[in-house]
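Here are some exercises to work through with the viewer open. Try each task yourself before reading its solution.

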Amino acid sequence: MHWVFEPGFFSSSPVHVALITGAMVAVVCSIVGVFTVLRGQSFAGHSLADVATAGGSGSFLVGLNPLFGFIAGGVAGAGGMELIGVRRARGRDVATGIVLGASIGLAALFLYLDTTRSSTTGVSQQILFGSIFSTTTSTTLIVLIFGVSSLGIMAFVHRPLLLSSVSADIAAARGIPVRVVGLLYMLALAFAAGSSFLAIGAVLATALLIGPAAIALRLTKRIGIAMAMSCLIGVVAVILGVLLAYDSYYWSSSHASWPVSFFIVVIIFFSYLVTELPFIRAVTGRRTQDAENRAG
Amino acid sequence: MSLSGRLILDKVSFGLRAGEFTGLIGSNGAGKTTLLRVILGLQRPSSGRVLVLGAPRGRRNKSIGYVPQKIVLDPDMPLRARDVVALGIDGDRFGIPMPSKKRRQAVEEMLVAVDADSFADARVGTLSGGEQQRVLIAHALIGRPQLLLLDEPLANLDLKSGQEVVSLLARIADEQQIAVLLSAHEMNPLLPVMDRIIYLAGGRAASGTTDEVVRDEVLSALYGYEVHVHTLHGRILVVAGPMEEPALPSDTTRTAV
(Lines give C-alpha, C1' and ligand atoms only; values in the text may rest on other atoms or scores of the structure.)
Protein backbone atom coordinates (compact mmCIF):
# COMPACT_ATOMS: atom_id res chain seq x y z
CA MET A 1 0.00 0.00 0.00
CA HIS A 2 3.00 2.23 0.24
CA TRP A 3 2.49 3.60 -3.27
CA VAL A 4 -1.05 4.78 -2.47
CA PHE A 5 -0.75 5.98 1.09
CA GLU A 6 2.58 7.67 1.38
CA PRO A 7 4.29 7.39 4.80
CA GLY A 8 2.56 9.18 7.63
CA PHE A 9 -0.82 9.66 5.91
CA PHE A 10 -2.70 7.89 8.68
CA SER A 11 -0.66 9.18 11.57
CA SER A 12 -0.55 12.84 10.54
CA SER A 13 -2.93 14.87 12.66
CA PRO A 14 -3.35 17.72 10.10
CA VAL A 15 -4.46 15.00 7.69
CA HIS A 16 -7.03 13.73 10.19
CA VAL A 17 -8.45 17.19 10.75
CA ALA A 18 -8.41 17.86 7.02
CA LEU A 19 -10.27 14.62 6.26
CA ILE A 20 -12.90 15.15 8.94
CA THR A 21 -13.46 18.82 8.13
CA GLY A 22 -13.41 18.13 4.40
CA ALA A 23 -15.95 15.34 4.67
CA MET A 24 -18.30 17.50 6.73
CA VAL A 25 -18.02 20.35 4.28
CA ALA A 26 -18.63 17.95 1.40
CA VAL A 27 -21.82 16.53 2.95
CA VAL A 28 -23.32 19.96 3.63
CA CYS A 29 -22.34 21.37 0.24
CA SER A 30 -23.60 18.31 -1.62
CA ILE A 31 -27.07 18.45 -0.06
CA VAL A 32 -27.55 22.21 -0.28
CA GLY A 33 -26.03 22.07 -3.77
CA VAL A 34 -28.79 19.77 -5.03
CA PHE A 35 -31.27 22.57 -4.44
CA THR A 36 -28.89 25.17 -5.88
CA VAL A 37 -28.69 23.27 -9.15
CA LEU A 38 -32.39 22.44 -9.09
CA ARG A 39 -33.32 26.09 -8.66
CA GLY A 40 -30.87 27.12 -11.37
CA GLN A 41 -28.92 29.27 -8.91
CA SER A 42 -25.39 28.07 -9.63
CA PHE A 43 -24.50 31.60 -10.52
CA ALA A 44 -25.78 32.82 -7.14
CA GLY A 45 -23.44 30.30 -5.50
CA HIS A 46 -20.55 31.62 -7.52
CA SER A 47 -21.45 35.21 -6.73
CA LEU A 48 -21.48 34.41 -3.02
CA ALA A 49 -17.86 33.35 -3.38
CA ASP A 50 -16.88 36.76 -4.71
CA VAL A 51 -18.58 38.64 -1.89
CA ALA A 52 -17.26 36.19 0.69
CA THR A 53 -13.69 36.64 -0.54
CA ALA A 54 -13.93 40.24 0.57
CA GLY A 55 -15.37 39.08 3.91
CA GLY A 56 -12.70 36.45 4.46
CA SER A 57 -9.76 38.68 3.58
CA GLY A 58 -11.28 41.50 5.65
CA SER A 59 -11.70 39.38 8.75
CA PHE A 60 -8.10 38.14 8.46
CA LEU A 61 -7.04 41.77 8.45
CA VAL A 62 -8.73 42.43 11.80
CA GLY A 63 -7.42 39.17 13.23
CA LEU A 64 -10.58 37.09 13.08
CA ASN A 65 -10.90 33.54 11.80
CA PRO A 66 -11.49 33.97 8.03
CA LEU A 67 -14.34 31.46 8.29
CA PHE A 68 -16.46 34.09 10.08
CA GLY A 69 -15.67 36.57 7.34
CA PHE A 70 -16.58 34.03 4.67
CA ILE A 71 -19.91 33.31 6.28
CA ALA A 72 -20.71 36.95 7.08
CA GLY A 73 -19.81 37.90 3.51
CA GLY A 74 -21.88 35.02 2.18
CA VAL A 75 -24.93 35.97 4.24
CA ALA A 76 -24.65 39.63 3.19
CA GLY A 77 -24.23 38.62 -0.44
CA ALA A 78 -27.11 36.15 -0.30
CA GLY A 79 -29.44 38.69 1.25
CA GLY A 80 -28.45 41.31 -1.29
CA MET A 81 -28.96 38.99 -4.24
CA GLU A 82 -32.33 37.77 -3.03
CA LEU A 83 -33.50 41.35 -2.64
CA ILE A 84 -32.23 42.39 -6.08
CA GLY A 85 -33.50 39.20 -7.68
CA VAL A 86 -37.02 39.34 -6.36
CA ARG A 87 -37.62 42.94 -7.23
CA ARG A 88 -36.55 43.14 -10.82
CA ALA A 89 -35.46 40.20 -12.92
CA ARG A 90 -34.36 42.57 -15.66
CA GLY A 91 -31.98 44.70 -13.62
CA ARG A 92 -30.50 41.67 -11.88
CA ASP A 93 -27.67 41.09 -14.33
CA VAL A 94 -26.36 44.61 -14.14
CA ALA A 95 -26.81 44.98 -10.40
CA THR A 96 -25.13 41.63 -9.68
CA GLY A 97 -22.24 42.48 -11.98
CA ILE A 98 -21.61 45.80 -10.30
CA VAL A 99 -21.89 44.45 -6.76
CA LEU A 100 -19.55 41.54 -7.56
CA GLY A 101 -17.03 43.82 -9.22
CA ALA A 102 -17.01 46.02 -6.14
CA SER A 103 -16.51 43.07 -3.79
CA ILE A 104 -13.61 41.71 -5.81
CA GLY A 105 -12.06 45.17 -5.72
CA LEU A 106 -12.48 45.25 -1.95
CA ALA A 107 -10.97 41.76 -1.69
CA ALA A 108 -7.97 42.93 -3.73
CA LEU A 109 -7.36 45.75 -1.27
CA PHE A 110 -7.80 43.55 1.82
CA LEU A 111 -5.51 40.85 0.43
CA TYR A 112 -2.88 43.44 -0.35
CA LEU A 113 -3.10 44.84 3.18
CA ASP A 114 -3.10 41.27 4.61
CA THR A 115 0.13 40.39 2.82
CA THR A 116 1.89 43.65 3.67
CA ARG A 117 0.86 43.57 7.33
CA SER A 118 1.70 39.94 7.97
CA SER A 119 4.54 39.99 5.44
CA THR A 120 3.60 36.54 4.17
CA THR A 121 2.20 35.75 0.76
CA GLY A 122 0.53 32.64 2.14
CA VAL A 123 -2.59 34.59 3.14
CA SER A 124 -3.79 35.18 -0.40
CA GLN A 125 -3.21 31.53 -1.18
CA GLN A 126 -5.19 30.50 1.90
CA ILE A 127 -8.14 32.79 1.24
CA LEU A 128 -8.39 32.22 -2.48
CA PHE A 129 -7.51 28.55 -2.72
CA GLY A 130 -8.24 27.11 0.70
CA SER A 131 -6.35 26.04 3.73
CA ILE A 132 -7.69 22.66 4.69
CA PHE A 133 -4.32 21.33 5.94
CA SER A 134 -3.90 24.25 8.32
CA THR A 135 -7.42 23.89 9.76
CA THR A 136 -7.49 23.88 13.54
CA THR A 137 -9.83 21.73 15.60
CA SER A 138 -11.66 24.84 16.79
CA THR A 139 -12.38 25.70 13.16
CA THR A 140 -13.67 22.19 12.64
CA LEU A 141 -16.13 22.79 15.45
CA ILE A 142 -17.35 26.01 13.82
CA VAL A 143 -17.72 24.20 10.49
CA LEU A 144 -19.80 21.57 12.28
CA ILE A 145 -22.08 24.17 13.86
CA PHE A 146 -22.70 26.02 10.60
CA GLY A 147 -23.08 22.74 8.71
CA VAL A 148 -25.72 21.44 11.09
CA SER A 149 -27.55 24.79 10.94
CA SER A 150 -27.46 24.71 7.16
CA LEU A 151 -28.86 21.17 6.96
CA GLY A 152 -31.42 22.01 9.64
CA ILE A 153 -32.72 24.90 7.55
CA MET A 154 -32.89 22.67 4.47
CA ALA A 155 -34.82 19.98 6.35
CA PHE A 156 -37.25 22.64 7.50
CA VAL A 157 -37.93 24.38 4.16
CA HIS A 158 -37.33 21.74 1.53
CA ARG A 159 -40.94 21.02 0.56
CA PRO A 160 -42.11 24.64 0.28
CA LEU A 161 -38.80 25.40 -1.45
CA LEU A 162 -39.42 22.67 -4.00
CA LEU A 163 -42.96 23.88 -4.64
CA SER A 164 -41.72 27.47 -5.03
CA SER A 165 -39.18 26.21 -7.56
CA VAL A 166 -41.93 24.53 -9.60
CA SER A 167 -44.09 27.65 -9.55
CA ALA A 168 -43.83 30.65 -7.26
CA ASP A 169 -47.47 31.50 -8.03
CA ILE A 170 -48.81 28.11 -6.96
CA ALA A 171 -46.71 28.31 -3.81
CA ALA A 172 -47.95 31.81 -2.98
CA ALA A 173 -51.56 30.80 -3.68
CA ARG A 174 -51.17 28.01 -1.14
CA GLY A 175 -50.08 30.47 1.48
CA ILE A 176 -46.34 29.77 1.39
CA PRO A 177 -44.30 32.88 2.23
CA VAL A 178 -42.23 32.45 -0.94
CA ARG A 179 -39.79 35.24 -0.17
CA VAL A 180 -39.08 34.08 3.36
CA VAL A 181 -38.51 30.54 2.11
CA GLY A 182 -36.14 31.90 -0.56
CA LEU A 183 -34.21 33.88 2.03
CA LEU A 184 -33.94 30.93 4.41
CA TYR A 185 -32.57 28.84 1.59
CA MET A 186 -30.03 31.54 0.70
CA LEU A 187 -28.96 31.53 4.36
CA ALA A 188 -28.40 27.77 4.23
CA LEU A 189 -26.48 28.30 0.99
CA ALA A 190 -24.31 30.98 2.60
CA PHE A 191 -23.47 28.68 5.53
CA ALA A 192 -22.60 25.82 3.18
CA ALA A 193 -20.60 28.05 0.85
CA GLY A 194 -18.75 29.59 3.82
CA SER A 195 -17.50 26.16 4.90
CA SER A 196 -16.63 25.33 1.31
CA PHE A 197 -14.47 28.48 1.04
CA LEU A 198 -12.52 27.26 4.02
CA ALA A 199 -11.90 23.85 2.49
CA ILE A 200 -11.03 24.69 -1.08
CA GLY A 201 -10.88 28.47 -1.11
CA ALA A 202 -13.15 31.23 -2.24
CA VAL A 203 -12.33 30.93 -5.93
CA LEU A 204 -13.08 27.23 -6.21
CA ALA A 205 -15.84 26.97 -3.60
CA THR A 206 -18.55 26.73 -6.22
CA ALA A 207 -17.03 23.55 -7.63
CA LEU A 208 -17.68 21.67 -4.39
CA LEU A 209 -21.09 23.22 -4.00
CA ILE A 210 -22.37 22.66 -7.53
CA GLY A 211 -20.21 19.84 -8.85
CA PRO A 212 -21.32 16.75 -6.89
CA ALA A 213 -24.95 17.88 -7.01
CA ALA A 214 -24.86 18.46 -10.76
CA ILE A 215 -23.30 15.04 -11.34
CA ALA A 216 -25.87 13.32 -9.12
CA LEU A 217 -28.78 15.09 -10.79
CA ARG A 218 -27.57 13.81 -14.12
CA LEU A 219 -27.60 10.24 -12.89
CA THR A 220 -30.98 10.09 -11.17
CA LYS A 221 -34.36 11.76 -11.39
CA ARG A 222 -35.23 11.21 -7.72
CA ILE A 223 -34.32 13.95 -5.31
CA GLY A 224 -33.66 11.75 -2.29
CA ILE A 225 -31.32 9.49 -4.24
CA ALA A 226 -29.70 12.56 -5.81
CA MET A 227 -28.87 13.91 -2.34
CA ALA A 228 -27.34 10.60 -1.25
CA MET A 229 -25.31 10.28 -4.46
CA SER A 230 -24.21 13.88 -4.27
CA CYS A 231 -22.92 13.32 -0.71
CA LEU A 232 -21.04 10.23 -1.78
CA ILE A 233 -19.42 11.97 -4.75
CA GLY A 234 -18.55 15.03 -2.66
CA VAL A 235 -17.01 13.05 0.18
CA VAL A 236 -15.04 10.79 -2.17
CA ALA A 237 -13.74 13.80 -4.11
CA VAL A 238 -12.59 15.51 -0.91
CA ILE A 239 -10.93 12.40 0.55
CA LEU A 240 -9.21 11.60 -2.74
CA GLY A 241 -8.18 15.23 -3.05
CA VAL A 242 -6.63 15.26 0.40
CA LEU A 243 -4.86 11.95 -0.26
CA LEU A 244 -3.48 13.04 -3.63
CA ALA A 245 -2.36 16.39 -2.27
CA TYR A 246 -0.56 14.63 0.59
CA ASP A 247 1.03 12.18 -1.83
CA SER A 248 2.04 14.90 -4.26
CA TYR A 249 4.69 15.96 -1.75
CA TYR A 250 6.52 12.75 -2.58
CA TRP A 251 6.01 12.86 -6.35
CA SER A 252 7.03 16.40 -7.06
CA SER A 253 10.76 16.90 -7.51
CA SER A 254 10.73 20.07 -5.44
CA HIS A 255 8.93 18.30 -2.57
CA ALA A 256 6.12 20.80 -2.41
CA SER A 257 2.53 19.59 -1.98
CA TRP A 258 0.13 20.60 -4.70
CA PRO A 259 -3.02 22.33 -3.46
CA VAL A 260 -5.91 20.09 -2.31
CA SER A 261 -8.37 22.33 -4.12
CA PHE A 262 -6.70 21.53 -7.43
CA PHE A 263 -7.22 17.81 -6.97
CA ILE A 264 -10.81 18.15 -5.73
CA VAL A 265 -11.80 20.32 -8.66
CA VAL A 266 -10.08 18.01 -11.17
CA ILE A 267 -11.86 14.94 -9.76
CA ILE A 268 -15.23 16.70 -9.91
CA PHE A 269 -14.57 18.01 -13.40
CA PHE A 270 -13.72 14.61 -14.83
CA SER A 271 -16.65 12.92 -13.08
CA TYR A 272 -18.92 15.52 -14.65
CA LEU A 273 -17.44 14.83 -18.08
CA VAL A 274 -18.19 11.14 -17.65
CA THR A 275 -21.90 11.85 -17.07
CA GLU A 276 -21.96 13.71 -20.37
CA LEU A 277 -21.01 10.58 -22.31
CA PRO A 278 -23.85 9.55 -24.66
CA PHE A 279 -23.93 6.09 -23.11
CA ILE A 280 -24.48 7.48 -19.61
CA ARG A 281 -27.06 9.96 -20.88
CA ALA A 282 -29.06 7.14 -22.43
CA VAL A 283 -28.95 5.00 -19.28
CA THR A 284 -30.13 7.83 -17.03
CA GLY A 285 -33.04 8.75 -19.27
CA ARG A 286 -32.28 12.33 -20.09
CA ARG A 287 -32.77 13.94 -23.53
CA THR A 288 -32.80 10.55 -25.23
CA GLN A 289 -36.03 9.59 -23.45
CA ASP A 290 -37.32 13.01 -24.28
CA ALA A 291 -36.79 12.32 -27.97
CA GLU A 292 -38.66 9.02 -27.64
CA ASN A 293 -41.59 10.76 -25.97
CA ARG A 294 -41.88 13.18 -28.84
CA ALA A 295 -41.66 10.43 -31.44
CA GLY A 296 -44.24 8.25 -29.69
CA MET B 1 -59.26 46.55 -9.14
CA SER B 2 -56.47 48.85 -10.26
CA LEU B 3 -52.84 48.14 -11.08
CA SER B 4 -50.23 50.89 -10.87
CA GLY B 5 -53.03 53.39 -10.61
CA ARG B 6 -54.73 52.16 -13.78
CA LEU B 7 -58.22 50.80 -13.40
CA ILE B 8 -58.25 47.27 -14.81
CA LEU B 9 -61.55 45.91 -13.62
CA ASP B 10 -64.47 47.78 -12.16
CA LYS B 11 -67.65 46.54 -10.49
CA VAL B 12 -67.11 42.88 -11.30
CA SER B 13 -69.48 40.58 -9.52
CA PHE B 14 -70.29 36.93 -10.04
CA GLY B 15 -70.85 33.69 -8.21
CA LEU B 16 -69.46 30.22 -8.84
CA ARG B 17 -71.33 27.04 -8.00
CA ALA B 18 -70.18 23.56 -7.12
CA GLY B 19 -70.13 21.16 -10.05
CA GLU B 20 -70.35 23.97 -12.57
CA PHE B 21 -67.88 24.76 -15.33
CA THR B 22 -67.44 28.49 -15.75
CA GLY B 23 -65.47 30.10 -18.55
CA LEU B 24 -63.72 33.40 -17.92
CA ILE B 25 -63.50 34.91 -21.37
CA GLY B 26 -61.69 38.04 -22.46
CA SER B 27 -59.01 39.16 -24.88
CA ASN B 28 -55.39 39.69 -23.82
CA GLY B 29 -55.19 42.42 -21.22
CA ALA B 30 -58.89 42.23 -20.35
CA GLY B 31 -58.03 41.36 -16.74
CA LYS B 32 -58.51 37.59 -16.62
CA THR B 33 -55.26 36.86 -14.82
CA THR B 34 -55.78 39.82 -12.49
CA LEU B 35 -59.22 38.55 -11.54
CA LEU B 36 -57.89 35.04 -10.86
CA ARG B 37 -55.06 36.48 -8.76
CA VAL B 38 -57.55 38.47 -6.71
CA ILE B 39 -59.59 35.32 -6.04
CA LEU B 40 -56.37 33.50 -5.09
CA GLY B 41 -55.41 36.26 -2.71
CA LEU B 42 -52.20 37.02 -4.62
CA GLN B 43 -53.46 40.55 -5.24
CA ARG B 44 -55.72 42.73 -3.16
CA PRO B 45 -58.70 44.39 -4.78
CA SER B 46 -58.66 48.18 -4.36
CA SER B 47 -62.19 47.82 -3.04
CA GLY B 48 -64.75 45.08 -2.69
CA ARG B 49 -64.31 41.57 -1.39
CA VAL B 50 -64.00 37.97 -2.38
CA LEU B 51 -65.98 35.36 -0.53
CA VAL B 52 -64.94 31.74 -0.86
CA LEU B 53 -67.56 29.35 0.48
CA GLY B 54 -69.25 32.27 2.19
CA ALA B 55 -66.15 33.34 4.11
CA PRO B 56 -63.54 36.01 3.31
CA ARG B 57 -60.54 34.55 1.60
CA GLY B 58 -57.86 33.64 4.14
CA ARG B 59 -54.13 33.60 3.51
CA ARG B 60 -53.93 29.83 3.61
CA ASN B 61 -56.82 28.52 1.64
CA LYS B 62 -56.85 24.87 0.84
CA SER B 63 -60.28 25.04 -0.75
CA ILE B 64 -58.84 26.62 -3.91
CA GLY B 65 -56.75 24.68 -6.40
CA TYR B 66 -54.76 26.70 -8.90
CA VAL B 67 -53.18 25.85 -12.24
CA PRO B 68 -51.01 28.72 -13.50
CA GLN B 69 -50.66 29.70 -17.11
CA LYS B 70 -47.29 28.19 -17.72
CA ILE B 71 -44.46 26.69 -15.77
CA VAL B 72 -40.94 26.68 -17.08
CA LEU B 73 -38.88 23.75 -15.93
CA ASP B 74 -35.48 22.62 -17.04
CA PRO B 75 -35.68 19.23 -18.83
CA ASP B 76 -32.91 17.99 -16.54
CA MET B 77 -34.74 19.00 -13.36
CA PRO B 78 -34.99 15.85 -11.24
CA LEU B 79 -38.68 16.06 -10.49
CA ARG B 80 -40.93 13.31 -11.73
CA ALA B 81 -44.55 13.94 -12.60
CA ARG B 82 -45.53 12.00 -9.47
CA ASP B 83 -43.31 14.21 -7.29
CA VAL B 84 -45.15 17.31 -8.49
CA VAL B 85 -48.50 15.67 -7.75
CA ALA B 86 -47.27 14.65 -4.29
CA LEU B 87 -46.33 18.27 -3.59
CA GLY B 88 -50.05 18.97 -3.96
CA ILE B 89 -50.63 17.07 -0.72
CA ASP B 90 -47.96 18.53 1.52
CA GLY B 91 -45.86 20.95 -0.53
CA ASP B 92 -46.83 23.77 1.81
CA ARG B 93 -45.67 21.99 4.97
CA PHE B 94 -42.38 22.60 6.70
CA GLY B 95 -40.14 19.91 8.14
CA ILE B 96 -39.35 16.37 7.10
CA PRO B 97 -42.19 14.25 5.68
CA MET B 98 -42.99 10.75 6.85
CA PRO B 99 -43.07 8.33 3.96
CA SER B 100 -46.59 6.96 3.81
CA LYS B 101 -48.25 4.26 1.77
CA LYS B 102 -51.55 6.12 1.80
CA ARG B 103 -49.87 9.16 0.31
CA ARG B 104 -48.27 7.16 -2.47
CA GLN B 105 -51.58 5.51 -3.24
CA ALA B 106 -53.42 8.84 -3.39
CA VAL B 107 -50.82 10.12 -5.87
CA GLU B 108 -51.20 6.99 -7.98
CA GLU B 109 -55.01 7.31 -8.08
CA MET B 110 -54.83 10.97 -9.01
CA LEU B 111 -52.36 10.25 -11.83
CA VAL B 112 -54.81 7.71 -13.23
CA ALA B 113 -57.72 10.13 -12.86
CA VAL B 114 -56.05 12.69 -15.14
CA ASP B 115 -54.62 10.07 -17.55
CA ALA B 116 -51.08 10.89 -16.51
CA ASP B 117 -50.06 7.45 -15.25
CA SER B 118 -48.21 6.57 -18.46
CA PHE B 119 -45.63 9.33 -17.87
CA ALA B 120 -45.69 9.39 -14.06
CA ASP B 121 -41.97 8.66 -13.79
CA ALA B 122 -40.75 11.02 -16.50
CA ARG B 123 -38.98 14.25 -15.58
CA VAL B 124 -41.63 16.99 -15.66
CA GLY B 125 -39.44 19.26 -17.74
CA THR B 126 -39.38 16.73 -20.59
CA LEU B 127 -43.19 16.47 -20.85
CA SER B 128 -45.23 18.18 -23.54
CA GLY B 129 -47.46 21.16 -22.72
CA GLY B 130 -50.61 19.03 -22.52
CA GLU B 131 -48.92 16.45 -20.30
CA GLN B 132 -47.58 19.14 -17.95
CA GLN B 133 -51.05 20.66 -17.82
CA ARG B 134 -52.52 17.36 -16.66
CA VAL B 135 -49.80 16.94 -14.03
CA LEU B 136 -50.55 20.43 -12.69
CA ILE B 137 -54.28 19.70 -12.67
CA ALA B 138 -53.57 16.55 -10.65
CA HIS B 139 -51.36 18.62 -8.33
CA ALA B 140 -54.22 21.07 -7.77
CA LEU B 141 -56.92 18.41 -7.37
CA ILE B 142 -55.16 16.15 -4.90
CA GLY B 143 -55.65 18.74 -2.16
CA ARG B 144 -59.43 18.18 -2.62
CA PRO B 145 -60.29 21.80 -3.42
CA GLN B 146 -63.86 23.00 -3.84
CA LEU B 147 -62.84 25.56 -6.40
CA LEU B 148 -60.37 24.97 -9.23
CA LEU B 149 -58.91 27.97 -11.05
CA LEU B 150 -57.06 27.56 -14.33
CA ASP B 151 -55.29 30.43 -16.05
CA GLU B 152 -55.35 30.01 -19.84
CA PRO B 153 -54.70 26.26 -19.77
CA LEU B 154 -55.39 26.02 -23.48
CA ALA B 155 -53.00 28.77 -24.54
CA ASN B 156 -50.01 26.54 -25.25
CA LEU B 157 -51.86 23.43 -26.39
CA ASP B 158 -52.68 22.13 -29.83
CA LEU B 159 -56.39 21.73 -30.60
CA LYS B 160 -56.63 18.05 -29.73
CA SER B 161 -54.81 18.31 -26.36
CA GLY B 162 -56.95 21.36 -25.61
CA GLN B 163 -60.13 19.36 -26.21
CA GLU B 164 -58.83 16.57 -23.98
CA VAL B 165 -58.05 18.95 -21.13
CA VAL B 166 -61.47 20.63 -21.42
CA SER B 167 -63.42 17.37 -21.35
CA LEU B 168 -61.26 16.10 -18.48
CA LEU B 169 -62.09 19.22 -16.46
CA ALA B 170 -65.79 19.00 -17.27
CA ARG B 171 -65.81 15.40 -16.08
CA ILE B 172 -63.97 16.31 -12.86
CA ALA B 173 -66.30 19.26 -12.15
CA ASP B 174 -69.26 16.93 -12.46
CA GLU B 175 -67.88 13.87 -10.67
CA GLN B 176 -66.25 15.64 -7.73
CA GLN B 177 -68.71 18.53 -7.52
CA ILE B 178 -65.96 21.11 -7.88
CA ALA B 179 -66.54 24.60 -9.21
CA VAL B 180 -64.18 25.01 -12.16
CA LEU B 181 -63.22 28.49 -13.37
CA LEU B 182 -61.13 28.47 -16.53
CA SER B 183 -59.84 31.54 -18.32
CA ALA B 184 -59.45 31.64 -22.08
CA HIS B 185 -59.39 34.23 -24.82
CA GLU B 186 -61.44 32.02 -27.12
CA MET B 187 -64.84 30.73 -25.98
CA ASN B 188 -65.54 28.24 -28.76
CA PRO B 189 -63.57 25.26 -27.39
CA LEU B 190 -65.51 25.64 -24.12
CA LEU B 191 -69.03 25.91 -25.57
CA PRO B 192 -69.91 22.20 -25.26
CA VAL B 193 -69.09 22.05 -21.54
CA MET B 194 -69.49 25.58 -20.23
CA ASP B 195 -72.36 26.02 -17.75
CA ARG B 196 -71.75 29.70 -17.19
CA ILE B 197 -69.65 32.42 -18.73
CA ILE B 198 -67.98 35.51 -17.33
CA TYR B 199 -67.18 37.86 -20.17
CA LEU B 200 -64.58 40.56 -19.51
CA ALA B 201 -64.28 43.57 -21.78
CA GLY B 202 -63.73 47.28 -21.34
CA GLY B 203 -62.88 46.81 -17.66
CA ARG B 204 -66.32 45.39 -16.89
CA ALA B 205 -67.83 41.94 -16.71
CA ALA B 206 -71.07 40.24 -17.61
CA SER B 207 -71.93 36.83 -16.26
CA GLY B 208 -74.63 34.25 -16.75
CA THR B 209 -75.30 31.43 -19.17
CA THR B 210 -73.84 31.74 -22.65
CA ASP B 211 -77.25 32.60 -24.10
CA GLU B 212 -77.75 35.38 -21.57
CA VAL B 213 -74.33 36.96 -21.98
CA VAL B 214 -73.20 36.47 -25.55
CA ARG B 215 -75.73 38.82 -27.14
CA ASP B 216 -75.38 41.99 -29.16
CA GLU B 217 -76.76 44.36 -26.52
CA VAL B 218 -74.90 42.84 -23.53
CA LEU B 219 -71.50 42.75 -25.24
CA SER B 220 -71.96 46.17 -26.87
CA ALA B 221 -72.60 47.62 -23.41
CA LEU B 222 -69.41 45.98 -22.13
CA TYR B 223 -67.19 47.08 -24.97
CA GLY B 224 -68.74 50.52 -25.08
CA TYR B 225 -69.22 50.31 -28.83
CA GLU B 226 -71.35 48.34 -31.20
CA VAL B 227 -70.49 44.65 -31.56
CA HIS B 228 -72.39 41.80 -33.15
CA VAL B 229 -72.58 38.15 -32.30
CA HIS B 230 -72.65 35.74 -35.23
CA THR B 231 -73.29 32.06 -34.92
CA LEU B 232 -71.83 29.81 -37.59
CA HIS B 233 -72.06 26.02 -37.42
CA GLY B 234 -72.45 26.22 -33.64
CA ARG B 235 -69.43 28.51 -33.29
CA ILE B 236 -69.65 32.05 -32.06
CA LEU B 237 -67.93 35.00 -33.65
CA VAL B 238 -68.00 38.44 -32.07
CA VAL B 239 -67.47 41.19 -34.59
CA ALA B 240 -67.17 44.92 -34.04
CA GLY B 241 -68.94 47.54 -36.13
CA PRO B 242 -72.34 47.84 -37.82
CA MET B 243 -73.60 44.54 -39.21
CA GLU B 244 -74.49 45.42 -42.81
CA GLU B 245 -71.42 47.40 -43.70
CA PRO B 246 -68.76 45.53 -45.69
CA ALA B 247 -65.41 45.12 -43.99
CA LEU B 248 -63.30 48.19 -44.61
CA PRO B 249 -59.75 47.69 -43.39
CA SER B 250 -59.29 51.43 -42.81
CA ASP B 251 -62.01 52.12 -40.25
CA THR B 252 -63.56 48.83 -39.28
CA THR B 253 -61.87 46.69 -36.71
CA ARG B 254 -62.76 43.06 -36.68
CA THR B 255 -62.32 41.40 -33.39
CA ALA B 256 -62.84 37.72 -33.14
CA VAL B 257 -63.05 36.78 -29.52
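Helices (H or I, at least four residues) and strands (E, at least two) are DSSP runs, numbered from the N terminus. By that rule, chain B has seven helices and 12 strands. What you're looking at is a predicted model, where local features need pLDDT of at least 70, side-chain atom pairs count only at pLDDT 80 or more, and totals for chains, interfaces and linings use all residues. Residues are numbered from 1 along each chain as its sequence is written, while chains are lettered from A and ligands numbered from 1 in the order in which they are written.

**Exercise 1. Check how confident the predictor is.**

Task: find the mean pLDDT of chain B, then find where pLDDT stays under 50 in chain A.

Solution. Step one: pLDDT is the predictor's confidence in each residue, from 0 to 100. Step two: chain B has a mean of 81, with 86% of its residues at 70 or more. Chain A also averages 81, and 87% of its residues score at least 70. Step three: look for the weak spots. In chain A, pLDDT stays under 50 over residues 288–296, a stretch with eight contacts beyond four places in sequence. A contact here means that the C-beta atoms of two residues, placed from the backbone, lie within 7 Å. Among the elements of chain A, helix 13 has the lowest mean pLDDT, 45, and helix 6 the highest, 90. In chain B, the stretch under 50 is residues 250–257, for which the model has 15 contacts beyond four places in sequence. Step four: for the model as a whole, the scores are ipTM 0.81 and pTM 0.82.

**Exercise 2. Map the side of chain A that touches chain B.**

Task: work out which helix of chain A gives the most to the side that touches chain B.

Solution. Step one: 29 residues of chain A are in contact with 30 residues of chain B. Step two: helix 6 (137–166), helix 7 (168–173), helix 10 (223–251) and helix 13 (288–295) of chain A each supply at least two residues of that side. Step three: helix 6 of chain A gives the most, with eight residues. Step four: sort the chain A side by class, with Ala, Val, Leu, Ile, Met, Phe, Trp, Tyr, Cys and Pro as nonpolar, Asp, Glu, Lys and Arg as charged, and the others, Gly among them, as polar. You get 15 nonpolar, six polar and eight charged residues. Step five: zoom in on A:Asp169, which lies in helix 7 of chain A. Leaving aside neighbours within four places in sequence, A:Asp169 is in contact with B:Leu42 and B:Pro68.

**Exercise 3. Classify two helix pairs.**

Task: how are helix 1 and helix 10 of chain A oriented to each other, and how are helix 2 and helix 8 of chain A?

Solution. Step one: axes are lines fitted to C-alpha atoms, for helices over the stretch in contact, and angles run from 0 to 180 degrees between N-to-C directions. Angles under 35 degrees count as roughly parallel, over 145 as roughly antiparallel, 65 to 115 as roughly perpendicular and the rest as oblique. Step two: helix 1 (residues 13–38) and helix 10 of chain A pack at about 150 degrees, with their axes 8 Å apart, so the two are roughly antiparallel. Their contact has 20 nonpolar, five polar and no charged residues. Step three: helix 2 (residues 42–61) and helix 8 (residues 178–200) of chain A pack at about 60 degrees, axes 10 Å apart, and are therefore oblique. In this pair, A:Gly45, A:Leu48, A:Ala49, A:Ala52 and A:Gly56 of helix 2 meet A:Leu189, A:Ala190, A:Ala193, A:Gly194 and A:Phe197 of helix 8. By class, that contact has seven nonpolar, three polar and no charged residues.

**Exercise 4. Compare two positive phi angles.**

Task: decide whether B:Glu152 is buried or exposed, and do likewise for B:His233.

Solution. Step one: most residues other than glycine have a negative phi. Step two: B:Glu152 has a positive phi near 45 degrees and lies in the loop between strand 7 (147–150) and helix 5 of chain B. B:His233 has a positive phi of about 50 degrees and sits in the loop between strand 11 (227–232) and strand 12 (235–240) of chain B. Step three: a residue is buried if 20 or more other C-beta atoms lie within 10 Å of its own, exposed if 12 or fewer, and partly exposed in between, with C-beta atoms placed from the backbone. B:Glu152 has 21 others within 10 Å, so B:Glu152 is buried. B:His233 has 4, so B:His233 is exposed.
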